[in-house]
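User: Could you take a close look at the place where the ligand sits, and then at the helices around that part? I am in my first year, so please go through it step by step.

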Amino acid sequence: MVMALENKIAVVTGGASGIGRATAVRFAREGAHVVIGDVQDASETLRLVEEIGQKAVYKRTDTTSEADCDALVAAAVAEFGRVDVGVAAAGIATAAGMSNVETRAENGDATHVVNLATEAFRRVLDVNVLGVMMTDRALARQMLDQGDGGSIVNIASSAAKIPLAGAAPYCTSKAGVWMLTKVLGLELATTGVRVNAVGPGYTATPMIAGIEDNEAAYSSAMSITPMNRLGTADEQANAVLWLASAESSFVTGQMLHPAGGQFTD
Ligand SMILES: NC(=O)c1ccc[n+]([C@@H]2O[C@H](COP(=O)([O-])OP(=O)(O)OC[C@H]3O[C@@H](n4cnc5c(N)ncnc54)[C@H](O)[C@@H]3O)[C@@H](O)[C@H]2O)c1
């Protein structure tokens, strides 16, 4: 049986956890070797990939660093000689460790734009937009040098299209990823390098850990999720796999929404 990514080399940022990890494992089951870039240790992902019988490499990568993004792709080339697939899954929901709130929290909800600290907004854009752009650029340069195409998949969000009160930095950043995907897909359309996005709905990963125990947050999430459940990281990885593989060879500049029926048009 021919596997969808037999002997392909895949770079996955954010591969230490959640959707990135599930993608790395799904790819390995389809015959790929994977290179994981993440700020956190990825030994569990490496173990899962190696258990399948594929090779896995970890390169510590902060995607907000241009040098790190370039070094991640260089590490893949040093180890395997090329890159066929890239997945930009590294992302954050809020600026953890920073004060998100300026001094005007008396103006209602502290998470709303009128109360947000500029630096907290900037941090989310740095990771989610610039980080994805610098990852994509490093991947695309390598794929163009190779000259035989490639597939880049960005993990955006249904929040690229659905405004969520209290999540302005995140929604803005994901809309940015979505537009970046379209522009890059257009710019590279004749080169054989395809650029697409997966826009997950609410998905059970550490990013939204505990949501099921927070009644207000969970019922608000389910009120816009017709299937009335969280998705799984594996369900996201299945969509990433399709966009990464030759099965989607005439698709570029598109976003797929495994989002439980959320209205994203
Ligand atoms: N879980 C959801 O409900 C959901 C919904 C829509 C979109 N997404 C998107 O899916 C992607 C993956 O998120 P997840 O749900 O798997 O969350 P997660 O927190 O499990 O995984 C995110 C990974 O990104 C890494 N990361 C964060 N900042 C980084 C940086 N600067 N450099 C390198 N790595 C960095 C983290 O260390 C982590 O391993 C994100 O882009 C997220 O916005 C998630």
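Analyst: In this predicted model, the ligand is surrounded by 29 residues, and the closest of them are Ser17, Ile19, Asp38, Tyr170 and Thr205. If we sort the shell around the ligand by class, we find 15 nonpolar, 11 polar and 3 charged residues.

Let us turn to individual atoms, beginning with two side chains. An N or O atom in the side chain of Tyr170 is 2.7 Å from an oxygen atom of the ligand, and for the side chain of Thr205 there is likewise an N or O atom that is 2.6 Å from an oxygen atom of the ligand. The backbone takes part as well, since an N or O atom from the backbone of Thr203 lies 2.8 Å from a ligand oxygen atom. As for how far the ligand is covered, on its own it has 820 Å² of accessible area, and the protein covers 93% of this.

Which helices supply at least two residues each of the shell around the ligand? They are α1, which spans residues 18–29, and α5, which spans residues 168–187, and we can follow each of them to the helices it packs against. In general, a pair of packed helices is described by two quantities, the angle between their axes and the distance between those axes.

Take α1 and helix α2 (residues 43–52), whose axes come within 9 Å of each other and cross at roughly 15 degrees. Angles under 35 degrees count as roughly parallel, and α1 and α2 are therefore roughly parallel to each other, with a crossing that is right-handed.

With helix α7 (residues 233–244), α1 packs at an angle of about 55 degrees, and the two axes are 8 Å apart. That angle falls outside the ranges for roughly parallel, roughly perpendicular and roughly antiparallel, and so α1 and α7 are described as oblique to each other; α1 passes α7 in a right-handed crossing.

On the side of α5, the partner is helix α4 (residues 118–146), and the axes of α4 and α5 come within 8 Å while crossing at roughly 20 degrees. This angle makes α4 roughly parallel to α5, and the crossing of these two helices is right-handed.

Definitions and conventions. Residues numbered from 1 in each chain as written. Predicted model: local features only at pLDDT ≥ 70, side-chain atom pairs only at ≥ 80, totals over all residues. Heavy atoms only, no water. Near = heavy atom within 4 Å. Polar contact = N/O pair within 3.5 Å; in protein donor to acceptor, adjacent residues only side chain to side chain. Areas by Shrake-Rupley, 256 points an atom, 1.4 Å probe, with all protein chains shown as cover. Helix = DSSP H or I, 4+ residues; strand = E, 2+ residues; numbered from the N terminus. Nonpolar A, V, L, I, M, F, W, Y, C, P; charged D, E, K, R; others polar. Axes fitted to C-alpha atoms, helices over the stretch in contact; angles between N-to-C directions. Parallel < 35°, antiparallel > 145°, perpendicular 65-115°, else oblique. Left-handed = near helix turned anticlockwise from the far one by under 90°.
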